[in-house]
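Student: Please take me slowly through one part of this model, the pockets, and then through some of the residues that help me find my way around. I would like one connected account that I can follow with the structure in front of me.

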Amino acid sequence: MSLVYEHLLEITLRVYELLADHPGPDTTATPLAAALELPEADVADALRRLHIAQLVDRRRGDRYQLPARLRRHVAGLRGREQPSTRNRQRARLVDFYAATAAAAIPLIAPDAHRFSPPAAHEATPYLHPDERHARAWFGWEHQVLRQVATTAAGWGWDDVVVELAEAVWHLGRPGYHHDDLAVVQQVGHAAAQRSHPAIAAVFRAREAAALSDLGHHDQALAAAADAAAAADDGEPRLVALTYSLSGRVRLAAGQVDDASQDLHAALRAQRRVARDPHGHAVLHRRIGQVHLALGRVPDALRHLRTAHEELTRARYPLGAARTAVPLADALVAAGDAGAAMAELSDARSRIGATTAVRYLAALDLATARTAYHLGDTGITRRLTDTLIAQLQHAGPGATADLRAAHDLRDQL
């Protein structure tokens, strides 16, 4: 094997050695080029050479992975590098991922209020051309970002960890990788407690929401209670967000009355925020869901219509589409399945072919339920069959939606 190494070009060897320090399971040329401060084309060529030499494995999407059988040997080679040079390259590698994730937030969530202060970045981020590309990037990199967060935390880079946790939350919500989401929020919470304690409750509340989506309701409730206790004396936007997420967690756990209390506490805080139409509308959506769970259909419709109108007026198509789901359920409960189907169809056409897979699945599930109430079992069968196929490998957060699709399909 040493003969193979001797024949590697210098750049190829540098790329090969850096793979020993890469925090995630696989990578592309872009972050390695940023870390090594080399042209991306040269790094891509080096990875192809390494693959031809059977020194790296190639995955879909031009992603490369150092085989486990070679990792110890490459780590030994890497140890010959000057510590200062190696540390700089490792830092730039982590910094590239954090900066690129932060740069994606305005594309993924233009309505987002960012609690974390911007971190200083040494590496230039990759700038995504559009929302679709940014979502796809997170789909490839979610496991890497989880490792980047824990690596940065181990180095004491609290500002980077907090900013990365913020970014991962906004990038991760539209998908089903809630296991990664929960871990990164937990790491972000610990970092915020050390560096920015005033916003630490945000990350604890977000961790609670991710745990809830994974079905870990006891852990989620404990995290939500911690977040609410820590946020009570905070600024209104923080209090509103924390209690809003706590209410969401309690509703998912079946604690409907407690959820109502939390959401109304959030609404009181929200009224003290200067301008946040998205946050205000989301609260009305969640309060509407509580009323629906309690069988108060007219109250549910009132709040859900308020949320839908506000999100539509503010041009948040994904938010409006998400609201169309409980609105359709409320319309079905009111005996107007036809109006429910019209709302869902309009929502689907407005968001088009978004890559926000969780929101699309929620719409399709609601459409399947509504079609079932209308007696159109053909649509129900087609949608549930498609959902079952799509969600089997979508991520651990898809379990509840997958179960709902199976349950509906079994009724046919």
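**The two pockets and their surroundings**

Tutor: In this predicted model, the second largest pocket holds about 460 Å³ of space. Its lining is made of 20 residues, and those closest to its centre are Pro174, Gly175, Tyr176, Thr355 and Val357. To place this lining among the helices, look for α7 (131–154), α8 (158–172), α18 and α19 (377–391), each of which gives two or more residues to it. Sorted by class, the lining of this second largest pocket has 10 nonpolar, 7 polar and 3 charged residues.

The largest pocket has a volume of about 1200 Å³. Of the 31 residues that line it, Asp213, Ala252, Gln289, Arg358 and Asp401 are the closest to its centre. Here the helices that each supply at least two lining residues are α10, α12 (236–252), α14 (277–293), α16, α18 (357–373) and α20 (399–410). Helix α18, which you have already met at the second largest pocket, provides the largest share of the lining of the largest pocket, with 6 residues. By class, this lining has 14 nonpolar, 7 polar and 10 charged residues.

Two of the helices just named are worth a closer look. Helix α10 covers residues 200–213 and contains serine 212. Because its relative accessibility is 7%, and the cut-off for buried is under 20%, serine 212 counts as buried. If you set aside its neighbours within four places in sequence, the contacts of serine 212 are His217, Ala220, Val249 and Ala252, and Ala252 is also one of the residues closest to the centre of the largest pocket. A separate arrangement to find is that of arginine 206, whose charged end sits over the ring of phenylalanine 203, 5.8 Å from the centre of that ring.

The other helix is α16, which runs over residues 317–333 and includes alanine 328. Alanine 328 is buried, since its relative accessibility is 0%. Apart from residues up to four places away in sequence, alanine 328 touches Ala340, Leu344 and Thr370. By contrast, phenylalanine 115 lies 213 residues from alanine 328 in sequence and 33 Å from it in space, C-alpha to C-alpha.

Now turn to helix α6, residues 83–108, where valine 94 lies. Valine 94 is buried because its relative accessible area is 2%. Between valine 94 and alanine 149 there are 8.4 Å in space, C-alpha to C-alpha, although the two are 55 residues apart in sequence. The contacts of valine 94, leaving out its neighbours within four places in sequence, are Val148, Thr151, Ala152, Trp155 and Trp157.

Those two tryptophans lead to the aromatic pairs, of which the structure holds 2. One is formed by phenylalanine 96 and tyrosine 97, an edge-to-face pair with 5.7 Å from centre to centre and 75 degrees between the planes; both of these residues are buried. Tryptophan 155 and tryptophan 157 also form an edge-to-face pair, with 5.0 Å from centre to centre and 65 degrees between the planes. With a relative accessible area of 31%, tryptophan 155 is partly exposed, and tryptophan 157 is likewise partly exposed, with a value of 27%.

Terms used. Residues numbered from 1 in each chain as written. Predicted model: local features only at pLDDT ≥ 70, side-chain atom pairs only at ≥ 80, totals over all residues. Heavy atoms only, no water. Helix = DSSP H or I, 4+ residues; strand = E, 2+ residues; numbered from the N terminus. Buried < 20%, exposed > 50% of the residue type's maximum accessible area, 1.4 Å probe, protein only. Contact = heavy atoms within 4.5 Å. Phe/Tyr/Trp six-rings, centres within 6.5 Å; stacked < 30°, edge-to-face > 60°. Lys NZ or Arg CZ within 6 Å of the ring centre and 35° of its normal. 1 Å grid on protein atoms, 1.4 Å probe; cavity = no way out; pocket = protein on both sides within 12 Å on 5 of 7 lines; lining within 4 Å. Points joined across faces, edges and corners; volume = space filled by probe spheres on them. Nonpolar A, V, L, I, M, F, W, Y, C, P; charged D, E, K, R; others polar.
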